[in-house]
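Grab a pencil and have the viewer open. Below are some short exercises, each with a worked solution to check yourself against.

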Number of protein chains: 4
Amino acid sequence: MSVQNEQTALNVSSVTGRPLTKRGEATRRRLLEAAEHVFADQGYHEASIVKITERAGIGLGTFYLYFDSKQTIFESLVVDLNQRVRHSMAEAMTGAASRLEAERAGFAGFFHFTARHPALYRVVREAEFVSPDMLKLHYTRIVEGYEAGLRRAQQQDEVDRTLDPEIAAWALMGMGELIGMRYLLWERTADGDGPATLPDEAFDALMHFIDNALSPREHGQNSKEGENS
Amino acid sequence: MSVQNEQTALNVSSVTGRPLTKRGEATRRRLLEAAEHVFADQGYHEASIVKITERAGIGLGTFYLYFDSKQTIFESLVVDLNQRVRHSMAEAMTGAASRLEAERAGFAGFFHFTARHPALYRVVREAEFVSPDMLKLHYTRIVEGYEAGLRRAQQQDEVDRTLDPEIAAWALMGMGELIGMRYLLWERTADGDGPATLPDEAFDALMHFIDNALSPREHGQNSKEGENS
Amino acid sequence: MSVQNEQTALNVSSVTGRPLTKRGEATRRRLLEAAEHVFADQGYHEASIVKITERAGIGLGTFYLYFDSKQTIFESLVVDLNQRVRHSMAEAMTGAASRLEAERAGFAGFFHFTARHPALYRVVREAEFVSPDMLKLHYTRIVEGYEAGLRRAQQQDEVDRTLDPEIAAWALMGMGELIGMRYLLWERTADGDGPATLPDEAFDALMHFIDNALSPREHGQNSKEGENS
Amino acid sequence: MSVQNEQTALNVSSVTGRPLTKRGEATRRRLLEAAEHVFADQGYHEASIVKITERAGIGLGTFYLYFDSKQTIFESLVVDLNQRVRHSMAEAMTGAASRLEAERAGFAGFFHFTARHPALYRVVREAEFVSPDMLKLHYTRIVEGYEAGLRRAQQQDEVDRTLDPEIAAWALMGMGELIGMRYLLWERTADGDGPATLPDEAFDALMHFIDNALSPREHGQNSKEGENS
DNA sequence: AATGAATGAGAGTTCATTCAT
DNA sequence: TATGAATGAACTCTCATTCAT
């Protein structure tokens, strides 16, 4: 799906297929925003369309002018959040002087976004059970960007050339996910308040770990060895 | 919860709190076994008490003699699975000569378990949305063991002493989860067939990445530095 | 409702009661035509205003400039169809030399119409449940004509004078309805293809039955007798 | 479907397929009885499961232990009414000395039943739009019995041998239906009160008409002739 | 005269849980 | 100890109708 498609997708009703008026587009936005909060707070199954439309301040029936079903808006939300987190990361990484700096900036962008939009975390992970294909899409899109960056850095000897960039990308993503869960979401109070981003010590410790993993070694002693049992 | 408690839990009704007769214990076992299959096959929300009791060959009302609710039996299952996956990992690590070997063995044990019981592992992951506390317990128990192992290895200079073992443990767990999802669960066909474990190349590449991250550096150049933006 | 009324009804808005402009009249026509097809294809309850306006190529809101409600346009249709089936029958009977010939021609006209517009006739029958008064009107109008014909024939001794013409008319109508349903509508394939009219044998057998019922008996042995139990 | 099947069908849940307990059978009966009234009063589409269960004094969810859906209970009702009207007619005809007497008795039984159970009429006719197959079954079962009776009477020269008994049976059924509608149902007040059966004059007039149609003619002048246009 | 976004009452249906047996 | 009929709150979704444009 090209960027062009992603953008125009927002201007077309997913039910009637016709382009939305300005008013219609605003309504759609309000629904998505409400859905983000409701899904994040209550989870997919506890969420209901009534709760979403009430939060959006919109009539129940109106929902069905914009989305086919609860599943549909959920999937739209995953796509939406995916775009936004990637945007947030890309923006943070702009102008980074080195691989390390870019790495830090990218992770910082991710944690910032996650802290501000806990929905990202919950909605995306719950997608595994609601809409597995959307989950794949989400992870794959992010990993692809990551992997490309690692390959470029390897060519410039900023990253250990003996690493498999695909595996490394998935591993890095996994770290981000679990650390985000542990240090951002689990720290949230029942009121919904939580840290604005990862504490510095944790962030630095993680970056140190990652730096260790990626940095080129002085000597070639890191050749692959051993067997998978 | 001590091991003693975990074991005796099976001999006591979780509803009345009284010890079970032999017959009662058998009924409880059948319910748990049926629940394991039903939750694994259909997921928490699609599963129903009727399906569980039918599979167990037991009357619907009987269920409530043994469990308070659907959620209760689900949590019992998560505890059970947590024990089993930790057992699988511990067994694999027994007798490892070095930190690296233990690392390999532990991950291999984890991937084996996941590959063999993909649906069961699904239950654990779904716990995030059904019973968040159980998920915390599950992750925390695993991470604690990991962290302790890292600390011991650091004392013997098998692991970089400048690493934060807690962060490292969560990071490693995150890798395992996402790589397992990507290369084990996603590779399964619709028939339910999938790889018996992680492919060697992927496994070796991951271990190489981890080894990089954990191995002590010759010089002190890896000191922490930089700011969290 | 006189013929004059029936005709002018088309030139007046059934909502505002004011005469329609040429453009307005065209719109009303398109709505009625679309409604005829939609009601015939899908039945009253499956039909929806949206489907009708879409088929008419007209905005949804516009519908309510011409008709009060779904029921209103349905009733307009029933009136229209009643006129058409009576016209079809009357035309067929024109110029019949004898009572028997007229009888044959009238039934033939009815069966022709039903066979050619089975779905339209469905609309009329469904009126029994949507708008009972319209159905009464429909049946009564047809029966009245029938009854008048029977009375005239009795005066000319072409029909048994001991018969009650009202009962006979309703009985004849009932035959036509059920036989039409049985041998025309039920014989239609799923593709919508069916006989062009009643098979000759069936038609002749029915006419024979009717002739028996109506023909004057030689002797007076058919006087009314017996008790209703 | 044999009589044996029809009887045992009532002892088995149409949802679970298991035999019903005495209590279960009573509940099923109450639902059918309530459905008869609700469908008759309000029609299929206006009827709702809530209305049915409320009238039956039964919880909403209980409905689904006995019937899959509104359509299912409707069809069960058609079958039930069909059995009862045929029973009512057969009983009335028992011991009739002659064909004419049997005819009178059968029609009288039909009108009695219709007058007491207006549901029969409304439900059966509405079946044309709700469940066409059930309608066919209903009419066909009744007509088959009728036709067989006519054939027997023809062999004994009690009925005109030149008549086609199948056509005659459908014609007779059509008369009964429309006359019943006209003189029983249309005469009902809004309170639901109506005549206990057909007025004597109407009934006698109808029987006279039928007798004309069926009685053997003295001479053979009634041979079939003419063309279907 | 024409439009279509918005509405909400009310539909059919599910299922965890209760309780009389 | 075991049962399963009964329950009803809560769900998703439809569509005739309104009204601001």
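## Exercise 1: Protein meets DNA strand F

Let's start with a single contact: a polar backbone atom of Gly59(B) sits 2.8 Å from a phosphate oxygen of DNA strand F. Keep in mind that you're looking at a predicted model.

**Task.** Find two further backbone contacts to phosphate oxygens of DNA strand F, in Ile49(A) and Ala47(C), then describe the surface around this strand.

**Solution.**

1. Go to Ile49(A): one of its polar backbone atoms is 3.3 Å from a phosphate oxygen of DNA strand F.
2. Next, try Ala47(C), where a backbone N or O atom is 3.5 Å from a phosphate oxygen of the strand.
3. Now look at which elements give two or more residues to the surface near DNA strand F: they are α4 (60-66) of chain A, α2 (22-46) and α4 (63-66) of chain B, and α2 (22-46) and α4 (60-66) of chain D. The largest share, five residues, comes from α4(D).
4. Zoom out to everything around the strand. There are 33 residues surrounding DNA strand F, and the closest are Tyr66(B), Thr27(D), Gly59(D), Thr62(D) and Tyr66(D).
5. Sort the surface by class and you get 16 nonpolar, 13 polar and four charged residues.
6. Finally, check the DNA side: of the strand F atoms within 4 Å of the protein, 59% belong to sugar or phosphate, and the rest belong to bases.

## Exercise 2: Now DNA strand E

**Task.** Which residues come nearest to DNA strand E, and which element gives the most to the surface near it?

**Solution.**

1. Start with the 33 residues around DNA strand E: Gly59(A), Thr62(A), Tyr66(A), Gly59(C) and Tyr66(C) come nearest. Sugar and phosphate make up 60% of the strand E atoms that come within 4 Å of the protein.
2. Take a look at the tyrosines. A polar side-chain atom of Tyr66(A) is 2.4 Å from a phosphate oxygen of DNA strand E. For Tyr66(C), a side-chain N or O atom is 2.6 Å from a phosphate oxygen of the strand.
3. Ile49(D) uses its backbone: an N or O atom there lies 3.2 Å from a phosphate oxygen of DNA strand E.
4. As for elements, α4(A) gives the most to this surface, with five residues.

## Exercise 3: Chain B against chain A

**Task.** How many salt bridges are there between chain B and chain A, and which helix of chain B gives the most to the side that touches chain A?

**Solution.**

1. Get the extent of the contact: 61 residues of chain B touch 61 residues of chain A. About 5,400 Å² is buried between them, with carbon and sulfur atoms giving 60%.
2. Count the salt bridges, and you get three. One of them joins the side chains of Arg125(A) and Glu128(B), at 2.8 Å from N to O.
3. Add the polar contacts: 14 residue pairs between chain B and chain A.
4. Then pick the helix: α9(B) leads with 15 residues.
5. Sort that side of chain B by class, which gives 28 nonpolar, 14 polar and 19 charged residues.

## Exercise 4: Turning chain D onto chain C

**Task.** What rotation superposes chain D on chain C?

**Solution.**

1. A rotation of 178°, with 0.4 Å of shift along its axis, does the job, and the RMSD is 1.2 Å.
2. The two copies are therefore related as by a two-fold rotation axis.
3. To place the axis, go to Ala213(D): its C-alpha, at 1.9 Å, comes closest to the axis among the residues of chain D.

Terms used: Residues are numbered from 1 along each chain as its sequence is written. Chains are lettered from A and ligands numbered from 1 in the order in which they are written. This is a predicted model: local features need pLDDT of at least 70, side-chain atom pairs count only at pLDDT 80 or more; totals for chains, interfaces and linings use all residues. Side-chain values use heavy atoms; hydrogens and water are left out. A residue is near a molecule or strand if one of its heavy atoms lies within 4 Å of it. A polar contact is a pair of N or O atoms within 3.5 Å; within protein, one must be able to donate a hydrogen and the other to accept it, and residues adjacent in sequence count only if both atoms are side-chain atoms. Helices (H or I, at least four residues) and strands (E, at least two) are DSSP runs, numbered from the N terminus. Ala, Val, Leu, Ile, Met, Phe, Trp, Tyr, Cys and Pro count as nonpolar, Asp, Glu, Lys and Arg as charged, and the others, Gly among them, as polar. Contact means heavy atoms within 4.5 Å. Buried area is the accessible area (1.4 Å probe) that two parts lose on being put together, summed over both. A salt bridge is a side-chain nitrogen of Lys or Arg within 4 Å of a carboxyl oxygen of Asp or Glu. Copies are superposed by least squares on the C-alpha atoms of residues with pLDDT of at least 70 in both.
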